[in-house]
Amino acid sequence: MLVLLASIFVVHNACLIMLFVSTIANVWVVSDHGNASVGLWRNCTAGDCSAGLTYGGQDALKAVQAFMILSIIFSVISLVVFVFQLFTMEKGNRFFLSGATMLVCWLCILVGVSIYTHHYANSNIHFDTFTHPGYHHGYCFILTWICFCFSLVIGVLYLVLRKK
């Protein structure tokens, strides 16, 4: 049981770190021809990330930013609640509050990355940073989908897990 709790704690921390990285870094879409990338906050060309996004005022991008920040907040809350429940909860009870909070985090990730996928990742938008039309998904986009899977598994494990 101790090994299971420790492994859930480690996976939860890894998911939280990956959420931070994927939200902060500017590598959601990468150019196939050159050294350019686009994130949630900035355009980066040849290592210079001082240019803002030309479509930064769009409601869809603001929604993605908001949902990614909310997912980080709910993941932190879930981790704190899990640690609190671990030391204060009676034996035999389940980690319902931790699981519910982590599933809200999962829902925020789902909504945020789905909006980004629909509006930006699979569209024919010509990103100003890219001089050629070819581009592919960056590591932040992939990390976000990995966090989506991890947060679902962690949330379900919290709901099923009993304190012994």
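These exercises walk through a predicted model of a protein chain.

The model is predicted, so local features need pLDDT of at least 70 and side-chain atom pairs count only at pLDDT 80 or more, while totals for chains, interfaces and linings use all residues. Residues are numbered from 1 along each chain as its sequence is written, and side-chain values use heavy atoms, with hydrogens and water left out.

**Exercise 1. The overall layout**

Find how many helices and strands the protein chain has, and in what order they run.

Step 1. Apply the rule: helices (H or I, at least four residues) and strands (E, at least two) are DSSP runs, numbered from the N terminus.

Step 2. Count them. The protein chain has four helices and five strands.

Step 3. Read from the N terminus. The order is α-β-β-β-β-α-α-β-α.

Step 4. Add the extent. The C-alpha trace spans about 60 × 30 × 25 Å along its principal axes.

Step 5. Add burial. Buried means under 20% relative accessible area, exposed over 50%, and partly exposed in between (1.4 Å probe, protein chains only). Of the 164 residues, 43% count as buried.

**Exercise 2. The sheet**

Work out the strand order of the sheet and name its edge strands.

Step 1. Apply the pairing rule: two strands pair if DSSP finds at least two bridges between them.

Step 2. Go through pairs of strands. β1 and β5 are antiparallel and joined by three bridges; in one of these strands, β5, Tyr135 is the bridge partner of Ser31. β2 and β3 are antiparallel over three bridges, and Ala36 has Thr45 in β3 as its bridge partner. β3 and β4 are also antiparallel, again with three bridges. Here Thr45 has Asp48 in β4 as its bridge partner.

Step 3. Write the order. The sheet is open, has five strands and runs β4-β3-β2-β1-β5 with antiparallel pairing.

Step 4. Name the edges. β4 (48–52) and β5 (135–137) each pair on one side only.

Step 5. Give the twist. From one strand to the next it averages 25° (axes are lines fitted to C-alpha atoms, for helices over the stretch in contact, and angles run from 0 to 180 degrees between N-to-C directions).

Step 6. Look at the turns. The hairpin of β2 and β3 has three residues between its strands. The hairpin of β3 and β4 has two, and Ala46 takes a positive phi near 50° there.

**Exercise 3. An aromatic pair**

Classify the ring pair of Trp28 and Phe141, and explain why it ties together distant parts of the sequence.

Step 1. Apply the rule. Rings of Phe, Tyr and Trp (its six-membered ring) pair if their centres lie within 6.5 Å; planes under 30 degrees apart count as stacked, over 60 as edge-to-face and the rest as tilted. The count by this rule is seven aromatic pairs.

Step 2. Compare the values. The ring centres of Trp28 and Phe141 are 6.1 Å apart and the planes stand at 70°, so the pair is edge-to-face.

Step 3. Place the residues. Trp28 lies in the loop between α1 (2–24) and β1 (29–31), and Phe141 lies in helix α4 (residues 139–160), so the pair ties together parts that are 113 residues apart in sequence.

Step 4. Check burial. Trp28 is buried at 0% relative accessibility, and Phe141 is buried at 7%.

Step 5. Widen the view. Trp28, Tyr116 and Phe141 make up one aromatic cluster.

**Exercise 4. A loop residue**

Decide whether Gly34 is buried or exposed.

Step 1. Locate Gly34. The residue sits in the loop between β1 and β2.

Step 2. Read the value. Gly34 has 56% relative accessibility and counts as exposed.
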